[in-house]
Amino acid sequence: MILYILCSTPCAIKCDGKYLGCVGDDYGILETDECYLEFIPLDNSYLQTGLLIRGKPVRRGDVAVYDLDGGYLVAPSFSRKLVTDYRLIGKAAIPFSRGKVIAALESENGIKLSVYTEKSFARENLPFPADSVKFDRVAGGGKEYLIAYVTGRRTAVFGFEISDDVVLRFKNACDSYSFVNGNLALTELKGDVMLHTVTSVWRFGNTVDCVKFDIKARRAAYSLPEKLIPIAFFEQILIGGDPSDFLSPRLKARAAEAADFIGEFSAVLPPPHFKSDKSAMLLCTDRVRYAETDVVGGAIDGIRLSD
């Protein structure tokens with residue numbers, strides 16, 4: 001059987017104890033019917049994992065398996081090692097109308113973000129390492145919020161409503177952030193085909209609302225090689241963008257219907273070698289779907305979905 005191996009965390013692969021190579025966002029391909037696979041993260045802060053192949057592969061905890069109708073996609077994920085030594089990354093005491101709020105980011109058996117008031121307490125366990133933290137108070141619509149910016153490789157932003165209870169109301173990741181007219185602006189740099197920059201602006205008032213959402217590409221759709229057009233089209237759908245530029249005049253008027261027609265998916269991948277190179281592989285919660293496209297004159301003129 002043919003196995004495709006995909007992992008967002010770069011790792012080394014061993015098959016029955018023999019080193020085969022490393023994989024990351026690009027596929028690793030292996031043909032086998034029975035073996036024991038070991039996945040060893042290159043980042044030493046993660047624990048390794050493995051999968052026994054004996055007949056049809058079966059999902060095992062932190063190793064997901066998807067039937068590709070001609071092979072299998074194996075996607076390991078990794079747990080972080082527990083760090084027993086205590087380290088205080090950052091702490092602040094911030095005055096609110098209801099009294100002082102204590103916030104702390106600590107490292108001990110993982111990274112923990114804690115928020116305390118006299119009457120309530122909330123904690124978030126973070127699945128990534130952190131180097132620093134900054135805290136802010138934001139008020140609007142008669143409510144008050146504690147904003148925590150936790151910075152590691154990227155920045156994770158948490159917003160806690162401070163009332164009788166401490167309640168997490170907002171969580172998002174970004175590459176940079178700022179305040180614009182009292183609102184929180186987040187910028188994400190996507191590593192997709194079109195090299196998108198996604199900017200969102202959030203207002204913390206009676207509720208937390210997105211008041212502006214903007215997507216810009218650093219590449220033009222017409223500049224793409226034909227084989228990348230389907231991948232770029234589905235990535236555009238995935239981030240909530242307008243797919244009109246990828247569609248033929250016949251389909252452009254129906255661009256707003258594309259997301260509902262395609263349905264929910266979490267990632268877009270190139271098809272395996274035994275599927276048409278005109279298709280894209282859409283990764284869903286517990287399965288994959290194939291979307292075959294007709295590209296005419298550099299634009300998509302037809303889409304067919306299958307499981």
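In what order do the 4 strands of the open sheet run? Let's start there, keeping in mind that this is a predicted model.

The order is S4-S1-S8-S7, and the pairing is mixed. At the edges sit strand S4, residues 28–31, and strand S7, residues 63–67, each of which pairs on one side only. From one strand to the next, the twist averages 25°.

Let's step inside that sheet. Strand S1, residues 2–5, and strand S8, residues 72–76, run parallel to each other and share 3 bridges. If you'd like a spot to click on, Leu3 lies opposite Tyr72 of S8.

Now, please scroll along to strand S14, residues 143–151. Is S14 largely enclosed or not, and why? Here 7 of its 9 residues are buried, so the strand is largely enclosed by the rest of the structure. For buried, the cut-off is under 20% relative accessible area.

S14 has a partner in strand S13, residues 132–140, and the two are antiparallel, with 9 bridges between them. One pair to look at is Lys134 with its bridge partner in S14, Tyr149. The hairpin of S13 and S14 has 2 residues between the strands, and there Gly141 adopts a positive phi near 60°.

S14 also pairs with strand S15, residues 155–162, again in the antiparallel sense, this time over 7 bridges. In that pairing, Tyr145 faces Glu161 of S15. The hairpin from S14 to S15 goes through 3 residues.

As a reminder for anyone newer to sheets, strands pair through backbone hydrogen bonds, either parallel or antiparallel. We've seen the parallel kind in S1 with S8, and the antiparallel kind in S13 with S14. Thanks, everyone!

How values were computed
Residues numbered from 1 in each chain as written. Predicted model: local features only at pLDDT ≥ 70, side-chain atom pairs only at ≥ 80, totals over all residues. Heavy atoms only, no water. Pairing = 2+ DSSP bridges. Axes fitted to C-alpha atoms, helices over the stretch in contact; angles between N-to-C directions. Buried < 20%, exposed > 50% of the residue type's maximum accessible area, 1.4 Å probe, protein only.
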